[in-house]
Amino acid sequence: MSFASPLFLWLFMPATLLTFWALPSRHRNAVVAAASLLFYTWGAGPHTLLLLSAIAVNYGAGLALDSARLRGRPRARRGVLLAAAGWNVAMLAVWKYAGFATEQIDALTAALGLGHSPIVTLALPIGISFFTFHHLSYVVDVYRGSTPAQRSPVRFITYIAMFPQLVAGPIVRYHEIAEQLGDTRRDRLGDLAAGFPRFALGLAKKVIVADSLASVADAAFAQAGGAVNTPTAWLGASAFALQIYFDFSGYSDMAVGLGLMFGFRLPENFDRPYSAYSVTDFWRRWHMSLSRWFRDYVYIPLGGNRGGAPRTYRNLLIIFVLCGFWHGADWTFLVWGLYHGALLVVERLLGWDRPPGAVWALALRRAATLLLVVVGWVFFRAESMTQAWGMLRAMFTWRPGELDEFVAWAANHQRTAVFALALAVVALPASRALGPLIQTGRGTAARLARAAVTWVAAPYAAVLVAAGTFSPFLYYQF
């Protein structure tokens, strides 16, 4: 069930809010937990049993790690942690990567003349990458003693399965929301007033901007297997860069807004990433909850930037290989991760990870960073390495020609106007992000922005949804 679907907008969300308002505040977590399991079951079907089993295992592991019986037995506690973490990683590996691994084995045995080997085909449970990372961070934090275990199963289900962030984040660490789970005092109208404009902003980003640009990007990448020309390749790469930003940041705005409507403050996930002055800075602004997760649970335990430059560079490359494969089981994602990891290493070697002093240097660095990020998105979007190389060859080897007829048809006047508007938003100065401004900003500009998204953008987006022009969020596939 997508946030940008008629079923969610006109049935699920209103019914859940009405139930939440009708019952006493102490039932807030139970309402959200029940609604979240229904939400997941609607989209995932039998895979809900996988989610429930993961919840049960990690809930039990947390209780064991925080129990008086194991408190003085470090080896036993470590064994529980390793068992829980191993179970989570194995679950993710089987469901997300077994198919890819068996395909590579099959290709190798065929190349060696040994015949074909069996290929595992499993349907990917939606949101598995996200709820697995929630579980891993939870058991690690309880093991470290940085947070006590959650003893209420209802509150634990609410944390893990909370429908605003279950399928595509942001990735919420338990300590970020533990106190909120226990605070059931609610200002329902105040929460609605704070959350709905943020939700409306995300809906507009997704339906009005991202879905319009998707047609242009899809048409351009479809030509990459043939003799795609340079204008078509650059238009397709640029359209996808804008599409994925407005799609994913739109989802995050909707998630934060929905959380607010139920009294939860979820962490921010974007901070104008295309305003970054370096790729290092880009990763401080893009999918921030994922970057923080890898920093705290992988990069720092590996040694971080301690132990000298070679070890730091090794750790960066490891992080971004994992980041690439976290997004998907394909060589294109691995190359995308290695590409970003290599850029971060180069920036550290040259000192470009620090902000420049002069305004002109900042503008140049910002333009160069955006160019590098757009190139990286080609690997991320491509369905194969062949398609990716086809796009990149056309982008950097001049191939004159008019836009392909299918791309030209997709880039109609309305979508061209949306494309120009999206570019204008990206080109704005790197000031405060619009989402937090709408949510907590004061003054005339903030009030006008809230009114515009609530009374103009959201109704127009709702009309487009009713007309059937919405599509699934890109990060639903991860």
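R173, E176, R295 and D296 hang together as a network of salt bridges, where a salt bridge means a side-chain nitrogen of Lys or Arg within 4 Å of a carboxyl oxygen of Asp or Glu. The model is predicted, so to speak of local features takes pLDDT of at least 70, side-chain atom pairs count only at pLDDT 80 or more, and totals for chains, interfaces and linings use all residues. Residues are numbered from 1 along each chain as its sequence is written, and side-chain values use heavy atoms, with hydrogens and water left out.

**Salt bridges**

- The count comes to 14 salt bridges.
- In the network, R173 pairs with E176, with the closest N and O atoms 3.9 Å apart.
- R173 is buried at 4% relative accessibility, while E176 is partly exposed at 25% (buried is under 20% relative accessible area, exposed over 50%, partly exposed in between, with a 1.4 Å probe and protein chains only).
- E268 and R198 meet at 2.6 Å, N to O. E268 sits in the loop between α11 (230-261) and α12 (279-285) and R198 in helix α10 (residues 188-222), so this bridge ties together parts 70 residues apart in sequence.
- Helices here are DSSP runs (H or I, at least four residues), numbered from the N terminus.
- R198 is buried, with a relative accessible area of 2%, and E268 is partly exposed at 24%.

**R381, doing two jobs**

- R381 forms a salt bridge with D218, the closest N and O atoms being 2.9 Å apart. With R381 in helix α16 (residues 359-381) and D218 in helix α10, the pair ties together parts 163 residues apart in sequence.
- R381 also lies over the face of F221, 4.9 Å from the ring centre (NZ of Lys or CZ of Arg within 6 Å of the ring centre and within 35 degrees of the ring normal).
- K96 lies over the face of W326 in the same sense, at 5.5 Å from the ring centre.

**Aromatic pairs**

- There are 51 aromatic pairs, counted when ring centres of Phe, Tyr and Trp (its six-membered ring) lie within 6.5 Å; planes under 30 degrees apart are stacked, over 60 edge-to-face, and the rest tilted.
- Y59 and F156 make a tilted pair, 5.7 Å centre to centre with 50° between the planes. Y59 is in helix α3 (residues 48-65) and F156 in helix α7 (residues 153-161), so the pair ties together parts 97 residues apart in sequence.
- F156 is buried at 0% relative accessibility, and Y59 counts as buried at 18%.

Notes. Helices (H or I, at least four residues) and strands (E, at least two) are DSSP runs, numbered from the N terminus.
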